[in-house]
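Student: I should like to examine this model step by step. Could we begin with the terms and then turn to the chains?

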Amino acid sequence: MKNRTKALMAFAIAFPLSDARADVTPKDLQVMARALGFTEKPATGDVVIGIVYAPGNPQSAKEADDLQKLMGDGLKAGAMVLKPKLVKIDEVAGADAGAFLLTEGVGADASKLAAATKAKQKPCVTTDIAQVQSGACVMGIKSEPKVEIIVNKAAAADSGVSFAASFRMMITEL
Amino acid sequence: MRYKLLAATSALALTIAGHAQAQTIDYGSLEQLFGEPVTTSATGSPQKATDAPASMEIITADDIRRSGATDIPGVLKHVTGVDVLQFGANDSDVSVRGYDQPYEPRLLVLIDGRQVYADFYGFTPWSALPVELSAIRQIEVVKGPNSALFGFNAVGGVINIITYNPLYDDVNTASVTGGTQSSAQGSVVSTFKLGGVGGVRISAGGRSNDDFSTPLPALSDGTRRGNNRGAIDVDGVFRLGDNVQATFEASHTEADQTDLTSIYAYGFDRYGTDSVKGQINADTSFGAIQASVYSNWLRYQNMSQNSTDPFEITNQVSVAQVQDTFKLGSDNTFRVDGEYRHNTMDTANFHGDHVFYDVLSTSGMWDWKILPTVSLTNALRLDYLTLGRDGTAPANFLSNSYWDRSLTQPSFNSGLVWQATDVDTLRLTGARGVQVPNLLSLGGVFQPYGGNTFISGVPTLAPTIVMNYEASWDRTMPSLGGVFRADVFHQTNQSVLSSSTSTAVSQVNGVTLISAANIGSSNASGLELSFKGHFLEDWHWGASYTPEIITDHFDLPLAVTFVDFQHTTPNHIVKANLGWAHGPWEIDGYLQYKSSFYGTTLTPGTYIGGPTELALISDYVAFDGRVAYKLNDWATLALSAQNASQSSQRQTAGANVERQVYGTLSVNF
């Protein structure tokens with residue numbers, strides 16, 4: 001417990017949180033899409049990616065809408081073609097998706113996503129690092145000034161997500 | 001407005017290169033993911049270049065293409081901290097941070113982790129490397145010792161040439177080059193995908209040209225002949241299951257060229273090399289396991305004595321290695337490694353006898369992420385070498401049992417990396433490296449000299465121990481689109497080895513031996529300041545300044561040691577480059593300034609193998625450049641020049657270099 005607390009505190013140094021978050025950028029999306037490809041036995045072909053948002057939070061809703069536009073009809077990432085689909089956080093339990101992309105601003109309701117990814121054994125990726133720290137999402141990314149990736153090992157295990165050994169050596173695990 | 005970069009949507013529509021479940025490192029996908037090159041050359045585990053606990057330079061395929069160089073030393077001479085002495089049209093010696101000399105022994109060179117450094121003489125025959133420039137994904141330059149990972153002779157630095165992986169990468173290109181010195185060169189690289197189960201890449205190249213026509217120094221017995229090179233390399237990577245891959249490599253090269261040898265006489269050298277390698281990579285619950293085995297065969301002929309009875313050597317090295325790299329908990333990555341190496345050469349000029357050694361090695365690495373912003377890496381290696389000699393020497397020589405000796409040497413690399421801010425990274429490193437005497441010095445050279453006197457390598461030579469202490473600071477400057485680096489280092493070298501095989505005379509059991517020797521110590525201190533950046537979309541530039549001072553404390557004079565690093569290393573080197581790319585055009589220029597220094601040369605009026613002296617090399621500026629135009633989606637025409645500022649220029653104590661100008665047509669298919 002002590003080590004975990006130390007790790008979380010230390011991680012905040014590297015990934016400082018603030019109320020004024022930077023915009024999610026196309027580069028963030030690129031990194032998220034590529035990172036999904038580093039799971040062991042990644043999906044192939046058309047993969048629906050659920051963009052999870054909180055309808056009551058304008059920031060989250062707009063981010064979801066913009067992400068969907070950015071991905072267009074599909075974003076090819078390796079052997080996958082990610083097909084975006086908006087998913088309200090309250091409806092995530094019933095969503096049929098191969099992976100989830102969590103927008104910022106969902107807050108404590110993200111626990112519903114954690115329950116869904118655990119039940120469906122699917123990965124989740126986000127730029128909202130706090131949601132990775134809390135275990136609501138498996139993987140968080142930061143693309144500037146250089147790419148950093150954080151994985152919550154417990155959340156990954158719960159969701160049945162694992163990564164190649166070489167990839168694990170290049171990321172931060174909690 | 002969020003998504004100010006929505007216009008970049010079109011870029012996202014492009015394929016995001018994906019990652020296949022990787023056992024061999026998928027450099028391309030990892031580089032795309034992290035936005036920077038990935039390396040395993042610092043610790044043996046994959047790392048982002050900016051996280052590596054070592055001073056490194058990574059030369060990308062773009063850098064190689066835009067350098068305009070037609071060989072690897074031509075690419076390396078533009079790199080900060082890398083010294084290149086060009087002694088002939090195809091003869092260059094490369095070192096890191098000074099100490100450069102003909103048949104440079106302090107730089108360990110590998111291709112995809114396979115050693116191509118030639119142990120018999122302790123140098124790298126660059127023209128005999130079985131690799132085409134267009135097959136190279138990146139060249140990783142590690143500055144300072146890295147013996148804890150790579151073993152003996154990684155003392156001045158390491159160059160690990162990483163080629164494209166035929167399983168992940170699809171490279172199909174051919175080029176023809178013609179130019180001055182009657183140069184004609186061709187190269188082809190082609191990849192064949194075997195469904196989803198594997199890929200094979202075949203690379204082949206040939207080159208023919210005259211050497212420079214500038215005068216050779218006195219005493220050189222090297223009537224110049226045409227220089228030629230031919231090489232072929234086959235690499236295959238196959239999936240044996242979801243988590244297992246097998247790699248197979250085989251290569252063959254032939255190269256004939258005029259070289260400056262380590263005794264400062266030009267001669268005509270012939271190299272023939274063969275290699276085979278097999279490797280298994282498996283991603284297991286115990287970590288990433290790699291088992292590899294390879295053999296290199298090298299045939300070397302020096303024609304300087306006379307063309308019908310050349311100085312001829314064969315050398316074989318076989319290596320078997322297994323390593324496991326794994327992560328324990330969230331913050332600790334480990335590598336454990338075991339290696340066996342057998343290295344043998346026949347004695348020259350007394351064929352039939354052999355001098356050989358076996359090396360058993362074990363090493364470990366622990367990378368501890370103390371905090372997300374602070375990591376401490378420690379690597380330790382222990383090498384146990386047993387030396388031997390077999391065959392029937394003359395009755396008046398020493399018995400082979402005189403060579404039954406062993407040597408145990410530790411080496412280490414330690415590095416503390418602190419990402420102080422989002423844009424600042426600080427490194428503190430320390431290392432101990434071990435340079436073993438080459439096989440010739442240990443007994444591979446053997447020549448009766450009358451009576452009970454022999455020119456002979458001796459088994460009592462001690463290895464050179466290199467200690468390196470270093471601090472560096474990287475600062476990313478987003479507003480300038482670049483990175484600034486400052487690096488200060490201090491290096492000590494104990495038991496430095498002479499270059500001559502006739503430095504010392506000793507008496508052993510009534511036999512007089514003329515041999516190489518340990519001659520004392522040498523220290524180096526230096527600074528590297530460099531900046532690389534982009535501006536105005538189409539432009540990129542780089543500049544570096546590297547002052548260095550070397551102080552030798554040798555017991556014997558240059559005349560018999562053949563080395564004087566204090567005077568033969570330039571104190572000031574400045575490098576700069578500027579490039580522009582727009583539409584079908586690419587234009588690049590490279591400048592290099594070296595302050596005056598000395599070169600070593602045979603003393604006129606004496607004899608080959610005889611005393612040497614220093615010759616002043618005045619400071620100079622050299623210029624390389626390339627202009628390329630992409631004719632269409634598959635063909636590019638390029639004009640490049642090396643040493644372009646003058647028709648000939650004195651850069652070493654050897655023959656002056658000549659301007660080299662090439663035209664190249666490259667085709668991607």
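Tutor: Helices (H or I, at least four residues) and strands (E, at least two) are DSSP runs, numbered from the N terminus. This is a predicted model, in which local features need pLDDT of at least 70 and side-chain atom pairs count only at pLDDT 80 or more, while totals for chains, interfaces and linings use all residues. Residues are numbered from 1 along each chain as its sequence is written, and chains are lettered from A and ligands numbered from 1 in the order in which they are written.

Student: In which strand is the place of B:Val200?

Tutor: The strand in question covers residues 198-209 of chain B. B:Val200 therefore belongs to strand S12.

Student: Is B:Val200 buried, partly exposed or exposed?

Tutor: A residue is buried if 20 or more other C-beta atoms, placed from the backbone, lie within 10 Å of its own, exposed if 12 or fewer, and partly exposed in between. B:Val200 has 17 C-beta neighbours inside 10 Å, so its class is partly exposed.

Student: Leaving aside neighbours within four places in sequence, with which residues is B:Val200 in contact?

Tutor: Two residues are in contact if their C-beta atoms, placed from the backbone, lie within 7 Å. Outside the excluded neighbours, the partners of B:Val200 are B:Pro166, B:Phe192, B:Leu194, B:Val234, B:Asp235 and B:Gly236.

Student: Which strands stand at the edges of the open sheet S3-S8-S9-S6-S7 of chain B, and why?

Tutor: Two strands pair if DSSP finds at least two bridges between them. The sheet has 5 strands, and its pairing is mixed. Each edge strand has a single partner strand, so one of its sides lacks a neighbour in the sheet; these strands are S3 (55-60) and S7 (114-115).

Student: Which residue of S7(B) stands opposite B:Leu110?

Tutor: Strand S6 (residues 107-111) of chain B pairs with S7(B) in the antiparallel sense over 2 bridges. Opposite B:Leu110 stands B:Gln115.

Student: What radius of gyration does chain B have?

Tutor: The radius is taken over C-alpha atoms, and the globule rule is 2.2 Å times the number of residues to the power 0.38. For 669 residues a compact globule would have a value near 26 Å, with which chain B agrees, at 24 Å.

Student: Over which residues of chain A is the pLDDT below 50?

Tutor: pLDDT is the predictor's confidence in each residue, from 0 to 100. Chain A has a mean of 83, and 87% of its residues reach 70 or more. Beyond near neighbours in sequence, the stretch below 50 has 3 contacts in the model; it covers residues 16-20.
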